[in-house]
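Trainee: Could you take me closely through one part of this model, a single helix together with what surrounds it? I would like a connected account rather than a list.

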Amino acid sequence: MRPITGFRAALTSFLALGLGLSVSACASLPDAGFGQEERSVYGSYLAARYAGSSRDLEASSELYAQALNKAPDSSLISQRAFFAALVAGDFERADQVAEQAANDPETAQIADLYWRALTLGRGREAVELETNIVGVFSNLVTTILQDWDAIARGEEVPWARSEMRLNASQMPSAEHWLHRALVLEHLGQAYAADAAYQNARAGMPGLISFNTLMYGAFLERQGRSAEARALYESAMEIRSVERPDVEAALARVDRGGRPPRLLRPREAAARALFPPASIVSNRAGGEFTVMFLRVIQRLDPEFHYNTLTIAQMLDSLELQEAALAEYAKIEDGPLSEGVQMNRIWLQFRMQEDESLVDEARALVELNPTIPHQLLLADMLRVTDRCSDAIPIYANVIEQAREDRGEADWRYLFYQAACTEIVEGWDVAEPLFERTLQRAPDESLVLNHLGYNLIVKGEQLERGLNMVQRAVSLDPSNGAIVDSLGWGHYKLGNLTDAIYWLERAVTLSPDSATNNWHLGDAYAAAGRQLEAEFQWRRALELDLDDDERVLIERRLELGLDAGPPDLP
């Protein structure tokens, strides 16, 4: 058995290249000097690579499959075919190549998990692969799949026979507790299962809603409805929990509805793998996270929590069409309303169609919840209709205070931002100050208020301190770093100004503001050629009219001709 080490072992040639492939990878394939059949393989490969780089997941999966059909012994193409199919959610093609990929060292880690998920509980004997995946994470998820495969086959899970009295060195990780709880409940060990469910809920605050639902369903199945009700009610009091699925569970208990049934092995395995997905998200790239979530989806395509997460991850990777396809799979259930809003907002970002604004407006008229109102307000704000958005934000703030005692800082911030656009800085400044009181450690708030204090020439030192704090919170944000550099420029600290403004341009090279700010600092330091380069560079980027006039004046008359800044 060939050991495969390292968490990223399967990603060395895929994630580093996005959805496309490197030119060097093509060296393993036949070039134009080979025969017709080899050129056909090469053509399919290049077409698949182009489709991937163009974010067309479906076409990429299909074309890699075509290339593999022409060269079935190519390990390189089988690797790419498996990855492309898995990211696309093309399970039919992923199934066909999974065993081959699982026995290839380059793809073994994720393919091994997929093959185990595919064959869980199916066939007479447990799956045996040539590769041996090692590592803490791999051991964790492989154990989960092996345990549920054993249960599905009617075999024993050795660790579950002992009592759950473990010393500190034997305690499972937080991500493993849910798996133990599900196994113990399935085996009828209710007391131990109860403790494990509680540990799962306490150990992962980021999954508080999900683990609340899992534990609550267990309590309902045990006939402990009063405890389930108290659990759901306590979750709803947590500010971060706004999940309609918890509300639906509470409503089910209140009306005496039937408890959720005991999960089947494949369904339970899917839910047991969901907490470890947070490890993947924190340690690997977005594409690997999608692939891991696809393994879960292969176990249980009706696990909507997972499907929603896949959609959100695909959206973050700018794979909008693929994200919309996942949203479309959640047609009913307590998550469907939130999915509808996500879908409207995603489509609106893709194309600002007025019909989508009308759809959001209809949601508000039908049911004026805070999320519905925010969706409409945000759509109005980004389409330069702040005068219409302001009263909606104000209503949301009032409603949130009535419901929760205080409003989320984002509501206050966007109300202030719209007020600045419609009524000017003097009216908006108190609203930003109020937002800062509500969220003193939010880099967005610190930067916006601090930058404006710097630009207006009011409280320069305070403004600089704010943006310094913002940079410490978000040091890779080019806009925030620019604010710090501009503050130093305004205070005459040219050496510090140039340092930070150069860093801002490095972080956000396509920002026109960052470039002309750096040009101004260069000019003030007597570096005229460099200043003119930055100003001309800014003119090539996305500018508003006021910035364009300012920069053209700089190039014609120089920095001293003014004005020193935009109003």
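Mentor: Since this is a predicted model, let me start from the second largest pocket, where α23 supplies the largest share of the lining, six residues, and work from there towards helix α26. That pocket holds about 930 Å³ of space and is lined by 25 residues, with E420, H448, Y451, N452 and D544 lying nearest its centre. Besides α23 (443-455), the helices α21 (409-423), α25, α27 and α29 (545-557) each supply at least two residues of its lining.

Two of these lining helices, α25 and α27, lead us to α26, because α25 (478-490) and α27 (512-524) are among the elements that cover the buried residues of α26. Helix α26 itself runs over residues 494-507, and its 14 residues should span 20 Å at 1.5 Å a residue, which agrees with the 20 Å between its end C-alpha atoms. Its buried residues are A497, I498, L501, A504 and V505, and because they cover an arc of only 130° around the axis, they sit on the same side of α26. On the other side of the helix, T495, Y499 and T506 are exposed.

One of the buried residues, I498, also belongs to a second, separate core of 46 residues, which includes A428, A523 and A538 as well. The largest nonpolar core, by contrast, has 106 residues, among which F82, Y114, W148, Y197 and F292 touch the most other members, and its largest share, nine residues, comes from helix α3 (residues 75-88).

Notes. Residues are numbered from 1 along each chain as its sequence is written. This is a predicted model: local features need pLDDT of at least 70, side-chain atom pairs count only at pLDDT 80 or more; totals for chains, interfaces and linings use all residues. Side-chain values use heavy atoms; hydrogens and water are left out. A nonpolar core is a set of buried Ala, Val, Leu, Ile, Met, Phe, Trp, Tyr and Cys residues joined through side-chain atoms within 4.5 Å. Buried means under 20% relative accessible area, exposed over 50%, partly exposed in between (1.4 Å probe, protein chains only). Helices (H or I, at least four residues) and strands (E, at least two) are DSSP runs, numbered from the N terminus. The expected span of a helix is 1.5 Å times one less than its number of residues. The arc is that of the directions from the helix axis to the C-beta atoms. Contact means heavy atoms within 4.5 Å. On a 1 Å grid over the protein atoms alone, a cavity is a set of points where a 1.4 Å probe fits but cannot get out, and a pocket is an open set with protein on both sides within 12 Å along at least five of seven lines; lining residues have an atom within 4 Å of a point. Grid points are joined across faces, edges and corners, and a volume is the space filled by probe spheres set on the points.
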